[in-house]
Amino acid sequence: MSSLGSSAGTDALIFKPMPDLPAPRTTVGVIGWLRANLFNGWFNSLLTILALVFLWKTVPPFFSWAVFDAVWSGGSGACPPGQEGACWAFVFNKFRVLMVGLYPVDQLWRPILCGMMFVLLAAVSIFHLMDVKKVVVLWCVLPFPGFLLINGGFGLAVIDQSLWGGLMLSLGLATIGILISLPLGILLALGRYSNFTLIKALCVGVIEPIRGVPLITILFMASVMMPLFLPVGMEINNLLRVQIGIILFSSAYMAEVVRGGLQAIPVGQFDAAKSIGLNYWKTTALVVLPQALRHVIPSLIGRCIALFKDTSLVIIVGLLDFLGMVKASAQDPEWLGHDAEAYVFCALIYWIICLSMSRYGRSLERSRQQD
Amino acid sequence: MSDMARKPKEETTEPQEGMIQLIGVHKWFGNFHVLKDINLTVLKGECIVICGPSGSGKSTLIRCINRLEEHQQGKIINDGVELTRDLKKKSKIRSEVGMVFQSFNLFPHLTILENLTFAPIWVRKTPRAEAEKIAMQHLERVHIPEQAGKYPGQLSGGQQQRVAIARCLCMNPKIMLFDEPTSALDPEMIKEVLDVMVELATEGITMICVTHEMGFARTVADRIIFMDKGEIVEENKPSEFFDNPRWDRTRLFLKQIL
Amino acid sequence: MIKGGRLVALFVQMAVVAGIISLGYLLFINTQANLEARNIASGFGFFSVEAGLPISNTLLPYTPADTYGYAFLLGTLNTLYVAFLGIITATIIGVFIGVARVSSNWLVAKLAEIYVEILRNIPLLLILFFTYGVVLTSLPGPRASLIPFPGCFFNNRGLYLPRPLFQDGFGFVVLAFAVAVVLSGVISKWAGKCRDRTGISIPSGWIGIAAVIGLPLVTYIALGRPLTWEVAALKGFNFKGGIVLRPEFSALMIGLVLYTAAFIGENVRSGIQSVDAGQIDAAKSFGVGRGIVMRRIILPQALRVIIPATTNDYTSLVKNSSLAVAIGYPDMVSVGGTIIGQNDQAIEIIGLWMAVYLAINLFVSAIMNWINSNVAIVER
């Protein structure tokens with residue numbers, strides 16, 4: 001029992017806490033949320049109304065075009081001109097070409113196999129199924145069987161590179177571009193960060209001009225000028241030239257990102273490494289680079305996304321990548337007038353891929369912060 | 001039985017200047033009931049210390065007093081003015097109430113002097129020269145007049161908090177609120193800030209402090225309030241509070257921190 | 001940074017230089033041989049050759065009888081024009097998007113977020129193709145033009161706007177405008193001094209806006225309205241007269257601006273959010289009004305973050321303007337590419353491209369650095 005005495009020796013009263021009461025109805029639930037987020041004040045209420053009007057005018061028409069009135073299957077007669085909805089039959093019809101370009105139909109199993117390997121490795125990366133180092137090694141190894149499958153040799157029929165196209169080409173250009181431009185960028189960044197004035201000047205002289213000009217000029221340079229630099233009569237095909245151009249372009253940007261990471265490393269790290277006897281290359285590989293790269297993971301992923309989007313420019317130098325095939329398909333005389341469907345589909349695929357990459361980058365950042 | 005032992009709800013007498021009254025105040029964050037039936041009267045010139053475990057709603061309580069948070073039920077009367085959703089009064093009330101934060105919250109892009117003159121110039125429309133004079137006076141009061149031209153980043157934590165206190169004083173507030181002012185400080189700097197607070201208390205400013213510094217509470221507080229899980233559990237003079245806590249909760253808390 | 005031993009350093013650098021020089025020499029030899037073998041001329045002599053190229057959409061008058069050099073110049077002017085307009089427009093829209101992103105209105109913030117997340121994750125070229133190929137070509141023909149405002153006609157040949165015809169005395173209106181701008185600067189400085197002395201705030205912002213609008217307006221009316229308009233009129237199948245913005249130009253501008261605004265919006269958002277919320281609490285606790293909190297506390301600190309990031313976006317916009325070649329707008333790359341197609345003098349043209357783009361980007365960076373150093377807060 002409790003007592004009401006006030007001398008030190010007595011028992012304290014047992015405190016009975018008040019139970020939680022429910023919040024007033026106007027502040028919680030749907031009504032509360034609406035009042036706090038959409039209608040708090042006359043200005044916000046006005047904005048909300050304008051936004052709702054805007055949505056009303058755009059969303060239902062889009063959905064009736066894209067879903068309800070759309071035609072999903074059929075041949076080239078399925079979508080007569082004057083039809084209201086989208087003609088997704090066109091996209092399904094052209095699907096193979098959009099994915100692999102003009103690759104011969106009887107050899108389709110090869111890009112499909114390559115694609116499955118790619119998707120598998122992407123899933124392993126995204127869901128952190130394996131240790132990061134092993135994943136990186138696998139990515140570096142993937143291009144070799146991938147190229148073999150798509151190109152040919154060793155018993156497989158060789159498919160000319162002018163037939164390669166579609167999403168396969170975009171992903172191929174981007175993957176090889178990233179895998180080669182990252183190490184090159186690291187070398188350039190190390191060179192710029194070093195104390196050898198000549199090498200530093202050289203690296204700056206490579207990085208800054210490349211970063212100051214559009215990718216198109218680099219692609220033109222690769223496509224049109226490179227044949228002039230080679231010995232007379234020697235030729236390399238357009239795809240290789242373009243790939244080299246992409247690699248060159250991306251290396252300069254990767255170099256800048258890595259440089260930011262290098263500059264974030266405390267000086268004490270170098271002293272510590274010297275004091276345990278590591279030479280320059282060992283220090284760089286074991287101490288400096290891991291820290292620098294981890295610092296700039298989000299920016300690196302951002303560069304990868306930008307590179308993938310930039311591959312769409314190769315249409316200007318004559319390669320038919322994903323966007324190129326989309327545009328070309330829309331000119332097919334049997335399927336005229338469906339540009340909108342083609343571009344919407346193209347945007348959707350790019351969006352999914354780029355968004356996945358950026359989410360992956362964010363998850364990398366989060367798991368790094370948890371270490 | 002426990003109802004009888006609770007403090008009865010107080011209806012107040014006429015409001016006096018510099019007085020704060022909370023009557024039946026409830027607050028929710030979404031569905032979370034964070035302040036439960038708070039009844040509190042602070043008289044002019046009093047120094048109140050609020051203590052309690054983390055999550056007990058102490059910070060929320062004082063943030064409701066200068067309307068940085070809004071309560072959903074009950075009345076808060078600040079210097080004779082009831083706090084409602086009226087915007088004009090909010091601004092005027094706030095200018096009479098000074099608040100010192102745990103993380104100092106100085107403006108890093110302004111010098112110390114500019115930090116101090118900011119509110120007088122923009123709220124009270126004081127001419128710059130006069131505002132600077134007042135600012136220097138208060139910097140002297142907190143014993144760091146030589147730092148006037150520096151930036152907050154160049155000062156230690158204890159100095160920054162003293163600047164924060166001086167910044168409030170420049171507005172000549174009737175009431176000073178302190179939200180765990182020393183919790184973010186290194187131990188050797190806590191004393192210099194507490195000394196300033198003790199000086200303020202002896203000068204007669206109405207103060208409400210949320211703090212864990214029980215030494216300060218014992219020396220200077222007129223009343224100590226113990227909060228737990230959103231409710232005021234116990235309210236008493238320091239001597240009674242420390243030597244004769246009435247409730248088991250209070251005893252448990254005191255055992256943990258003393 | 002770890003230094004090699006001095007001898008090793010010297011040796012390594014010498015080796016690298018030697019390697020570069022030999023490589024350069026090799027490339028030079030090869031290039032000479034190739035140019036000869038393919039019968040390609042060298043040098044910029046082609047600049048005075050008659051072009052024979054049809055180019056629409058030029059800022060200065062042009063006929064196919066003009067030289068390659070003149071055509072290339074016009075292309076360059078177009079690039080500068082698009083870059084300039086693009087930067088200004090993208091900034092305005094980008095600031096709106098950024099502020100919307102941090103709005104307390106959930107719907108507005110969400111819409112802005114969707115806008116940014118969509119535009120940042122698709123290629124700019126796709127946006128250009130879509131705008132040009134789908135949006136602008138689905139506009140009606142000239143006879144059924146959309147008329148958003150009286151005198152403006154929107155159809156699949158372009159956007160036709162009335163051309164202003166300036167008459168005698170309009171110069172004074174421009175002068176009045178300039179005077180008003182200078183005046184508002186002076187008033188704003190004077191208001192600051194007044195506030196320092198007496199504490200009273202004069203709304204110099206509103207006065208400035210009133211002056212900049214009112215003074216030219218009054219002058220205009222007083223001088224008897226020295227401005228008439230040449231409205232485009234339908235003659236036969238097409239419109240004649242007025243100012244016309246061709247679909248190529250419109251598509252390029254729309255795509256560039258909407259795309260870059262998404263990135264600028266993100267910069268503005270992260271700049272505003274970089275300001276610690278505690279400072280805003282502190283300012284509120286003094287009773288400082290929301291406008292002052294924004295102008296004197298949030299903005300100065302946010303700009304420190306926003307300006308360097310936005311410099312990158314501006315140079316990107318300048319470089320992205322080169323995508324004009326894909327939709328047929330005659331910018332520098334477009335015209336240059338056509339010239340290469342005709343006379344194969346790729347080295348000269350590409351060299352010119354690189355020089356011009358580097359110059360533009362250096363210029364933009366220099367201006368932004370100047371702005372940055374003037375608004376940057378003193379780092380202690």
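User: How many residues of chain A are in contact with chain C, and how many of chain C with chain A?

Analyst: In this predicted model, 61 residues of chain A are in contact with 56 residues of chain C. The contact criterion is heavy atoms within 4.5 Å. The area buried between chain A and chain C is about 5100 Å², and carbon and sulfur atoms give 76% of that area. In chain A, the residues that lose the most area to chain C are A:F196, A:L228 and A:K309, which together account for 13% of what that side buries.

User: How many salt bridges and how many polar contacts are there between chain A and chain C?

Analyst: A salt bridge requires a side-chain nitrogen of Lys or Arg within 4 Å of a carboxyl oxygen of Asp or Glu. By that rule, 0 salt bridges are found across the interface of chain A and chain C. There are, however, 17 residue pairs in polar contact, both residues being at pLDDT 80 or more.

User: Which element gives the largest share of the side of chain A that touches chain C, and how do the residues of that side divide by class?

Analyst: Helix α16 of chain A, residues 339–370, gives the largest share, with 11 residues. By class, the side of chain A that touches chain C consists of 43 nonpolar, 11 polar and 7 charged residues.

User: How should the interface of chain B and chain C be read in turn?

Analyst: The reading again begins with contacts: 30 residues of chain B are in contact with 25 residues of chain C. The buried area is about 2500 Å², with 65% given by carbon and sulfur atoms. Between chain B and chain C the count is 2 salt bridges. In a salt bridge between B:R128 and C:D196, the side chains meet at 2.7 Å, N to O. The count of residue pairs in polar contact is 6, both residues at pLDDT 80 or more.

User: Which elements of chain B give two or more residues to the side that touches chain C?

Analyst: These elements are α3 (87–96), β6 (97–100), α4 (112–122), α5 (128–141) and α6 (157–169) of chain B. The largest share, 4 residues, comes from α4(B). The residues on this side of chain B divide into 17 nonpolar, 8 polar and 5 charged.

User: How is the sheet in chain B to be read?

Analyst: Strands of a sheet pair through backbone hydrogen bonds, either parallel or antiparallel. In chain B, 6 strands form an open sheet with mixed pairing, in the order β6-β7-β8-β3-β9-β10. The edge strands are β6 and β10 (231–236) of chain B, each of which pairs on one side only. Neighbouring strands of this sheet are turned by 20 degrees against each other on average, direction ignored. Strand β3 of chain B (residues 47–51) pairs with strand β8 of chain B (residues 206–210) in the parallel sense over 4 bridges. B:I48 stands opposite B:I208 in β8(B).

User: Which strands does helix α7 of chain B lie across?

Analyst: Helix α7 of chain B (residues 187–203) lies across β3, β7 (175–179) and β8 of chain B, and it runs at about 145 degrees to β8(B).

User: Why is one side of β1 and of β7 in chain C left without a neighbour in the sheet?

Analyst: The sheet of chain C is open and antiparallel, with 3 strands in the order β1-β2-β7. Strands β1 (153–155) and β7 (243–245) of chain C stand at the edges with a single partner strand each, so one side of each has no neighbour in the sheet. On average, neighbouring strands are turned by 15 degrees against each other, direction ignored. Strand β2 of chain C (residues 158–161) is joined to β7(C) by 3 bridges, the two running antiparallel. C:Y160 stands opposite C:V244 in β7(C).

Terms used
Residues numbered from 1 in each chain as written. Chains lettered and ligands numbered in written order. Predicted model: local features only at pLDDT ≥ 70, side-chain atom pairs only at ≥ 80, totals over all residues. Heavy atoms only, no water. Buried area = accessible area lost by both parts, 1.4 Å probe. Polar contact = N/O pair within 3.5 Å; in protein donor to acceptor, adjacent residues only side chain to side chain. Nonpolar A, V, L, I, M, F, W, Y, C, P; charged D, E, K, R; others polar. Pairing = 2+ DSSP bridges. Axes fitted to C-alpha atoms, helices over the stretch in contact; angles between N-to-C directions.
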